[in-house]
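Please consider the model shown here. The discussion will be held between a biologist and a modeller.

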Amino acid sequence: MPLLVAPALPVGSLSAQEQPHLPVRPGLTLRPWRDDDATAVRAAFDSPAIQRWHVRRLDGDDEARAWTAQWARRWRDETDASWAIVDADDQPVGQVGLRGVLLTEASAQVSYWVVPAARGRGIATGALLALAWWSFARAGLHRLSLEHSTANAASCRVATQGGFTVEGVLRESVRHADGWHDMHLHARLASQPNTAESGT
Ligand SMILES: CC(C)(COP(=O)(O)OP(=O)(O)OC[C@H]1O[C@@H](n2cnc3c(N)ncnc32)[C@H](O)[C@@H]1OP(=O)(O)O)[C@@H](O)C(=O)NCCC(=O)NCCS
């Protein structure tokens, strides 16, 4: 059956371009993952502080290499995108990305994590702001959403500082190792300026 409404973005909106490098601030950049990031990714996923809010773990170097390698394909498929958040030495200190990209609706969900040693320095907030700017101003997305457990106060703070308004609570919608979690749903629209931002 034909659609009544034309897709918001045409096929190729992402895949026609190389995944960009995005500056966050001096000494902090978003770049595509590389094969040689696998060791850093494995160490991050081994951390209990990362596993606390994840639903998957990585078992071994092969899985870590497969994790870094998958993103080029998912970018070409225009379904997901992930960037390494790298420091001044080009070493990964976290991840930020888009999941469940829907070109028809020009929407995606945001995901992020930062390794414990780098937390509390505004890295997640800066990465989220840079990704949101690119998603709206360059990729043409219309809506970005984000979900976190209501018990994850740090993530709530990052989302709020990134201009993502709370839209509601998704009751017992995600199961972690310790059971069901209520999730906060946040979202930001392309038309919604973020007063916390400057220069974008
Ligand atoms: C959430 C996470 C990405 C934050 O990374 P970060 O780089 O430390 O974040 P930022 O420094 O940009 O901001 C963190 C904010 O949360 C606040 N915060 C940190 N721990 C907190 C806590 N336990 N309770 C309340 N606020 C907290 C910080 O004070 C800071 O706010 P501020 O700028 O007003 O001081 C990181 O803790 C993480 O990777 N957690 C595990 C994975 C995860 O939760 N991902 C999100 C799943 S939706």
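The exchange below concerns the sheet, the helices and one loop residue.

Modeller: This is a predicted model, in which local features need pLDDT of at least 70, side-chain atom pairs count only at pLDDT 80 or more, and totals for chains, interfaces and linings use all residues. Residues are numbered from 1 along each chain as its sequence is written, and side-chain values use heavy atoms, leaving out hydrogens and water.

Biologist: Which are the edge strands of the open sheet?

Modeller: Helices (H or I, at least four residues) and strands (E, at least two) are DSSP runs, numbered from the N terminus. Strands pair if DSSP finds at least two bridges between them. The eight strands are ordered E1-E2-E3-E4-E5-E6-E8-E7, with mixed pairing. Pairing on one side only marks the edge strands, E1 (22–25) and E7 (165–176).

Biologist: In which sense do E7 and E8 pair?

Modeller: Thr165 has Ala187 in E8 as its bridge partner. Over eight bridges, E7 and E8 (residues 179–189) pair in a sense that is antiparallel.

Biologist: At what angle does H5 run to E8?

Modeller: Axes are lines fitted to C-alpha atoms, for helices over the stretch in contact (heavy atoms within 4.5 Å). Angles run from 0 to 180 degrees between N-to-C directions. H5 (residues 153–161) lies across E5, E6 and E8, and its angle to E8 is about 10 degrees.

Biologist: Is Ala118 buried or exposed?

Modeller: Ala118 lies in the loop between E5 (107–114) and H4 (123–137). Not counting residues up to four places away in sequence, Ala118 touches Val93 and Ile123. Its relative accessible area is 5%. Buried means under 20%, exposed over 50% and partly exposed in between (1.4 Å probe, protein chains only), so Ala118 is buried.
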